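I am opening a notebook on this structure and writing down what I look up, entry by entry. The notes are meant for someone who has not met it before.

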Amino acid sequence: MSAHESAGKSYLEDGHGLKSWLLTFDHKRIGILYLLGVSFFFLLGGFFALLVRLELLTPQGDLLSPDAYNHVFTMHGVFMVFFFLIPAIPGTLGNFLLPIMIGAKDVAFPKLNLLSWYVFMAGGALTMYGLFTGGVDTGWTFYPPYSSLYSSSAVLPVGLGVFVNGFASILTGVNFMVTVHRMRAPGMTWFRLPLFVWSHYATSLIMVLGTPVVAITLVLLVLERLFHFGFFDAAKGGDPVLFQHLFWFYSHPAVYIMILPSMAVISELVAAFARKRIFGYHAVAFASIGIAVLGFLVWGHHMYVSSQSVYAGVVFSLLTMLVAIPSAIKVFNWTFTLYKGSVALEMPMLYAMGFLGLFTIGGLTGVFLGTLGFDVHVHDTYFVVAHFHYVMVGGTIMGYLGGLHYWWPKMTGRMYSKFWGLTSGWLVFVGFNLTFFPQFLLGVQGMPRRYHAYPDEWQVLNVLSGAGASVLGVGLLLPVVYFLWSLKHGPIAGPNPWGAFGLEWQTTSPPPTTNFLETPVIVHEAYDYESRAAGPAAETAPTSGR
Amino acid sequence: MSSEHSTALAHQFDSPEQQKESATLGMWFFLAQEALFFGGLFVTYLLYRWRDPSAFAAGSHELDIVLGGFNTVVLIGSSLTMALAVRAAQTDRRRQLVGFLLATGGLGLVFLVVKYFEYAEKWHHHLIPGDAFHFAGPPGERTELFFSLYFAMTGMHALHMVIGVAVLAWILKRARAGEFGSHYYNPVECFGLYWHFVDIVWIFLFPLLYLIGRHYQAGG
Amino acid sequence: MSAHHVVPVKTYLAVFGALMVFTAVTVAAAFVDLGAFNNLVMLGIAVAKATLVVLIFMHVKYSTRLVPVVVVGAVLWLLILFGLTMADYVSRGWLGAGSPWPTAW
């Protein structure tokens with residue numbers, strides 16, 4: 001095979017067998033590895049969610065003992081937050097697309113990229129070991145003194161598993177940031193970058209600055225539990241609330257690690273399916289950075305009733321109001337992009353629109369919770385549970401599914417069934433709202449979270465929520481089937497099945513290992529659909545020119 | 001020489017300059033993360049010392065200033081030798097590079113040995129926090145928190161030193177094989193950054209742990 | 001290219017000398033009762049030492065603009081961690097704060 005021919009070989013064909021995948025340095029293959037990993041942990045977390053909703057179908061605690069129930073919701077939270085929501089979009093779509101979108105051959109540190117996947121899997125394996133030796137019952141938040149002194153559960157392996165997994169985040173964040181700073185193709189200035197890249201850059205900032213703090217917090221917890229050091233032990237002068245400060249310093253920005261990549265996808269979907277440049281590109285770019293920065297200043301809103309000083313509570317509440325602003329700017333700008341756009345209601349676009357509505361509800365209820373007075377009443381109720389599921393499922397998962405449906409033809413060279421895509425999308429949307437909207441009502445009525453039993457009068461809403469969960473579950477499982485089916489039987493997708501603007505659509509589906517046969521030179525702004533309307537010119541200049 | 005150049009350039013980069021700048025920038029982002037990692041320990045220290053200054057002073061007086069000061073000189077000295085090692089790589093002086101790397105590792109090991117003796121002494125005086133802890137003196141229980149922080153902070157620092165010495169051994173091996181010169185010395189530079197960072201952590205740990213309230217002691 | 005700037009040996013030695021002097025001063029100052037200033041002097045000297053290491057040993061003085069931004073950013077984030085956390089504890093003692101903090105030993 002000539003050098004030119006092998007250079008054009010699809011990354012899927014470039015090497016066969018398990019070893020070529022497990023020892024790959026190709027960011028696209030690593031993205032697929034992450035896709036497999038996060039899908040596994042998502043299914044595991046989903047299984048625990050199923051158990052929760054089953055138990056809550058009846059007011060009595062008749063399916064699980066209180067202790068077992070504590071284990072179940074904890075493991076649901078741990079797997080979903082740390083092993084799905086945080087790594088999913090950056091690990092799969094971020095890894096696959098970021099280098100291509102900036103015109104690079106790969107990320108800055110491909111070996112570290114592969115290492116990050118192994119670290120992610122190692123953290124997952126440690127946590128699974130913890131699961132099989134009894135699981136954890138402290139809640140995914142691991143609060144001491146229960147987690148340090150009293151819980152007899154597998155806090156150590158699970159805590160260490162989460163600790164190890166954090167390094168995968170850090171490595172990914174470092175890699176993405178250096179890649180964006182140093183590996184952009186000629187002509188790709190910062191303000192010509194797709195907003196997907198800006199959002200992932202902002203995500204990486206949080207990964208690098210926040211994750212180490214939860215890492216050291218888990219170390220302190222392990223020292224406390226193993227050697228009785230006393231950092232969080234009141235009997236030795238320690239303060240359990242200090243753990244909360246340290247934990248939430250990371251875990252609040254972590255929610256922006258979960259939502260920013262989803263917003264990254266939405267920017268791309270809205271531009272592509274409105275056939276327009278994003279309204280207020282600069283505002284959206286800066287808003288991404290703004291969310292990352294402001295997100296570090298608000299963690300105390302998780303601690304209003306923890307014995308944190310009221311004055312600190314007031315400060316955190318004010319700052320929390322501020323962090324809503326950049327998110328709102330983005331939602332407004334995406335919406336304004338649709339105005340006078342040529343909107344195509346393809347599957348990915350439906351997910352984007354679902355995001356706009358559901359994230360708005362989730363985000364607004366977040367502002368309610370940030371309000372000190374209101375939070376005192378609904379803290380630790382189902383109102384909080386509903387809020388974060390609206391942003392994490394209605395927000396993050398909508399973006400993730402939208403992204404998968406948009407870039408699947410690029411990643412695999414195949415198109416999936418539109419019928420089944422639409423079916424699963426509607427099942428997800430309807431199922432999701434049926435599951436979680438009743439929980440807002442339950443929360444306001446006072447139903448506490450993390451309880452396996454409740455008063456009779458709340459059964460109707462709980463049953464509705466359970467029914468919604470089964471619909472949601474089916475909707476989420478369907479893509480596994482039709483995506484896999486499309487690999488063998490789906491129609492071949494060309495380089496640009498959506499007719500979208502962006503470097504990833506300038507190369508073949510699937511792309512060659514080096515992404516481009518020749519380094520692109522960028523001469524257009526991002527989403528420059530207007531200049532395209534003048535003729536079928538490429539977004540890039542021929543490399544011999546300019 | 002040219003084959004050395006081409007094998008030193010990774011395939012994702014277009015030029016050695018891009019590779020070098022990327023490596024250094026990546027290392028700096030990693031160090032920023034390390035700063036936040038130790039930051040969690042420092043904020044814990046800050047809180048408990050603010051609340052119990054006399055307990056912390058009492059604990060601090062149990063630490064040996066001579067050993068701590070000696071270790072400070074040793075570590076800063078190892079930073080000097082590390083900086084000189086990078087310079088040797090930059091100026092194509094292989095033997096000097098190897099010599100300075102050896103000196104850096106040697107000084108690092110001296111630091112760790114001294115630390116071992118300090119820890120052993122604490123063990124003999126029942127000052128390891130946990131169930132065997134015993135401190136005679138009024139702020140007894142709160143002083144345990146000082147020692148918890150002492151061991152957590154210097155222990156985490158020592159762990160970073162151990163990892164550093166291990167990586168240094170690997171870099172030394174490559175240096176002896178003649179891999180580094182003015183055309184390529186990224187690993188030496190990046191490791192140097194890590195080593196200096198660990199030195200900076202100690203620059204803060206020494207006064208914060210060893211020098212609290214010493215004027216009380218002097219005054220009697 | 002600034003990244004290849006070779007720092008003269010004299011500069012490194014001078015920095016080492018300064019760091020030794022600073023160390024001696026900080027130890028000596030610890031034995032003198034300066035009241036509230038003891039902490040300030042100690043921290044100030046540590047910051048000065050760290051600055052020298054960062055600028056000269058770690059070559060930040062000779063680096064591209066982005067590197068000092070990373071350093072400043074890390075310091076800023078540490079200040080956020082320290083500042084907002086201590087804001088809680090310090091204000092607990094104020095009137096109306098709602099939660100008295102256990103008193104010191």
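In which helix of chain B is the place of B:Phe204? I found B:Phe204 in helix α7 of chain B, and I note at the outset that I am reading a predicted model. I then asked whether B:Phe204 is buried or exposed. B:Phe204 has 20 C-beta neighbours inside 10 Å, and 20 or more is what burial requires, so B:Phe204 counts as buried. I also looked up B:Phe38, which is 166 residues away from B:Phe204 along the chain, and the C-alpha atoms of the two are separated by 11 Å.

**Entry: chain B as a whole**

I went through chain B for its secondary structure and found eight helices and zero strands, so that entry needs no strand list. The C-alpha trace of chain B spans about 70 × 30 × 30 Å along its principal axes. Of the 220 residues in chain B, 53% are buried. When I took the contacts in chain B between residues at least 6 apart in sequence, I noted that 78% of them join residues at least 24 apart.

**Entry: helix α2 of chain B**

I looked next at helix α2 of chain B, which runs over residues 16-51 and has 36 residues. From its first C-alpha to its last, α2(B) reaches 52 Å, which is close to the 52 Å expected at 1.5 Å a residue. I nevertheless recorded a kink of about 30 degrees in α2(B), centred on B:Gly39. Is α2(B) mostly covered or mostly uncovered? I wrote down that α2(B) is mostly covered, with 28 of its 36 residues buried.

**Entry: where the chains touch**

For chains B and C, I found 44 residues of chain B in contact with 40 residues of chain C. On the chain B side, the elements that give two or more residues are α2, α3 (53-61), α4 (65-90), α7 (186-210) and α8 (214-219). Which of these elements gives the largest share of the side of chain B that touches chain C? The answer is α2(B), with 15 residues. I sorted the residues of that side of chain B by class and noted 24 nonpolar, 11 polar and nine charged.

For chains A and B, I found 30 residues of chain A in contact with 29 residues of chain B. The elements that give two or more residues to the chain A side are α8 (155-182), α9 (195-227) and α10 (240-274) of chain A, and the largest share, 10 residues, comes from α9(A). By class, this side of chain A has 20 nonpolar, six polar and four charged residues.

**Entry: the nonpolar core**

I turned to the largest nonpolar core, which has 273 residues, and asked which of them touch the most other members. They are A:Ile102, B:Phe29, B:Ala32 and B:Ala85. The element that gives the most to this core is α10(A), with 25 residues. Domain 1 (1-63) and domain 2 (64-105) of chain C both give residues to this core, so the core lies between them.

I followed B:Ala85 further and, leaving aside its neighbours within four places in sequence, listed its contacts as B:Leu97, B:Phe100, B:Leu101, B:Thr104, B:Val188 and B:Gly192.

**Entry: the two domains of chain C**

I checked how domain 1 and domain 2 of chain C meet, and found four residues of domain 1 in contact with four residues of domain 2. The side of domain 1 that touches domain 2 has two nonpolar, two polar and no charged residues.

**Entry: backbone details**

I noted a cis peptide bond between A:Pro144 and A:Pro145, with omega about 0 degrees, and placed A:Pro145 in the loop between α6 (110-132) and α7 (146-150) of chain A. A cis peptide bond also joins A:Ser509 and A:Pro510, with omega about -5 degrees, and A:Pro510 is in the loop between α17 (459-489) and β1 (521-522) of chain A.

A:Asn515 lies in the loop between α17 and β1 of chain A, and has a positive phi of about 75 degrees although it is not a glycine. With 25 other C-beta atoms within 10 Å, A:Asn515 is buried. In chain B, I noted that phi of B:Asp92 is near 60 degrees, and that B:Asp92, in the loop between α4 and α5 (94-124), is partly exposed, with 13 other C-beta atoms within 10 Å.

Methods: Residues are numbered from 1 along each chain as its sequence is written. Chains are lettered from A and ligands numbered from 1 in the order in which they are written. This is a predicted model: local features need pLDDT of at least 70, side-chain atom pairs count only at pLDDT 80 or more; totals for chains, interfaces and linings use all residues. Helices (H or I, at least four residues) and strands (E, at least two) are DSSP runs, numbered from the N terminus. The expected span of a helix is 1.5 Å times one less than its number of residues. The bend at a residue is the angle between axes fitted to the seven residues ending there and the seven starting there. A residue is buried if 20 or more other C-beta atoms lie within 10 Å of its own, exposed if 12 or fewer, and partly exposed in between; C-beta atoms are placed from the backbone. Two residues are in contact if their C-beta atoms, placed from the backbone, lie within 7 Å. Ala, Val, Leu, Ile, Met, Phe, Trp, Tyr, Cys and Pro count as nonpolar, Asp, Glu, Lys and Arg as charged, and the others, Gly among them, as polar. A nonpolar core is a set of buried Ala, Val, Leu, Ile, Met, Phe, Trp, Tyr and Cys residues joined through C-beta atoms within 7 Å. Domain bounds come from an automatic or database domain assignment.
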